[in-house]
Each structure stands twice: as C-alpha cells, then as structure tokens.
Amino acid sequence: MDSIQSSKAYTLITGASGGIGQKLAEEFAKKKANLVCIARRADALKATTLRLMECYPIQVLWLSIDLTEK
Ligand SMILES: NC(=O)c1ccc[n+]([C@@H]2O[C@H](COP(=O)([O-])OP(=O)(O)OC[C@H]3O[C@@H](n4cnc5c(N)ncnc54)[C@H](OP(=O)(O)O)[C@@H]3O)[C@@H](O)[C@H]2O)c1
C-alpha cells in the first residue's frame with residue numbers, strides 16, 4: 001500500500017476542532033488518510049475540515065456532536 005488513502009478506510013479524530021485533536025487531524029491528512037472529524041463547535045470543525053480538504057487529497061467528513069451525550 002503506498003498511502004493510507006489507497007484504502008477506503010477513514011480515521012476517526014475526536015476533538016478535531018482544536019488543540020491536540022486538530023494537530024492529529026493534520027498529521028493524518030499529511031499521510032493522506034481520509035478523516036471523520038468530531039467535536040461540538042460546528043463552525044470550528046467545518047473550518048478545519050475545509051482547510052484540510054483544500055490542502056490535502058483526502059475526503060473529510062465532520063460531525064458536530066457532544067460525546068458526553070447518549
Ligand atoms: N495540551 C496538552 O499539552 C495536553 C497534555 C496532556 C494531555 N492533554 C489532554 O488531551 C486532551 C486534549 O487536550 P487539548 O489541549 O487538545 O484540549 P482542547 O484544546 O480543549 O481541545 C479539546 C477538543 O475536544 C473537543 N471536545 C471537548 N469536549 C467535547 C465533547 N464533550 N464532545 C465532543 N468534543 C469535545 C473540543 O472541541 P469542541 O469544544 O468544539 O467540542 C476540542 O476540539 C485533554 O483531555 C487534555 O487533558 C493535553
């Protein structure tokens with residue numbers, strides 16, 4: 001396999017709207033991993049998602065949810 005993107009796998013990143021999660025999303029994007037990004041703040045999450053898809057040849061899905069809620 002020459003890149004993560006060559007599989008149909010997605011990497012789930014929680015807390016992708018800021019801090020360590022956002023940095024991890026960037027690191028996986030550099031390796032061409034498709035991502036599913038999760039956090040509560042939709043505006044920050046969407047901005048991160050759009051920037052990653054502009055900069056890297058990957059698919060990024062985002063989901064605004066509070067992981068403490070059932
Ligand atoms: N920074 C460090 O040097 C460091 C060192 C060791 C350990 N840690 C630990 O690593 C974790 C992350 O640290 P950080 O500095 O990256 O924190 P942060 O900047 O506050 O980022 C936390 C991320 O988690 C999301 N989040 C928080 N509560 C959530 C919830 N209920 N549901 C969904 N998403 C939620 C936040 O986004 P939304 O607000 O948009 O939901 C944000 O994207 C923390 O547990 C921290 O204690 C940090």
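The exercises below treat strand pairing, the nonpolar core, salt bridges and a surface patch in a predicted model.

Residues are numbered from 1 along each chain as its sequence is written. In this predicted model, local features need pLDDT of at least 70, side-chain atom pairs count only at pLDDT 80 or more, and totals for chains, interfaces and linings use all residues, while side-chain values use heavy atoms, without hydrogens and water.

**Exercise 1.** Determine which strands pair with β2 and how the chain connects them.

Solution. Helices (H or I, at least four residues) and strands (E, at least two) are DSSP runs, numbered from the N terminus. Two strands pair if DSSP finds at least two bridges between them.
- Step 1: β1 (residues 10-14) and β2 are parallel, with five bridges; T11 has L35 in β2 as its bridge partner.
- Step 2: Between β1 and β2 the chain passes through α1 (residues 19-30) in a right-handed β-α-β crossover. Right-handed means that, with the strands pointing away from the viewer, the path from the first strand over the helix to the second runs clockwise.
- Step 3: β2 is also parallel to β3 (residues 60-64), again over five bridges, and C37 has W62 in β3 as its partner.
- Step 4: The unit made by β2, α2 (residues 42-55) and β3 is right-handed too.

**Exercise 2.** Describe the cover of β2 and its part in the largest nonpolar core.

Solution. Buried means under 20% relative accessible area, exposed over 50%, partly exposed in between (1.4 Å probe, protein chains only).
- Step 1: Of the six residues of β2 (residues 34-39), five are buried.
- Step 2: A nonpolar core is a set of buried Ala, Val, Leu, Ile, Met, Phe, Trp, Tyr and Cys residues joined through side-chain atoms within 4.5 Å. The largest one has 13 residues, and L35 and C37 are among those with the most contacts inside it.
- Step 3: α1, β2 and α2 each give two or more residues to this core; the largest share, three residues, is that of β2.

**Exercise 3.** Find the salt bridges and place them in the fold.

Solution. A salt bridge is a side-chain nitrogen of Lys or Arg within 4 Å of a carboxyl oxygen of Asp or Glu.
- Step 1: The whole structure has two.
- Step 2: R51 and E26 meet at 2.9 Å, N to O, linking α2 to α1 across 25 residues. R51 is partly exposed at 33%, whereas E26 is buried at 16%.
- Step 3: K30 and E27 meet at 3.1 Å, N to O; both lie in α1, three residues apart. K30 is partly exposed at 47%, as is E27 at 40%.
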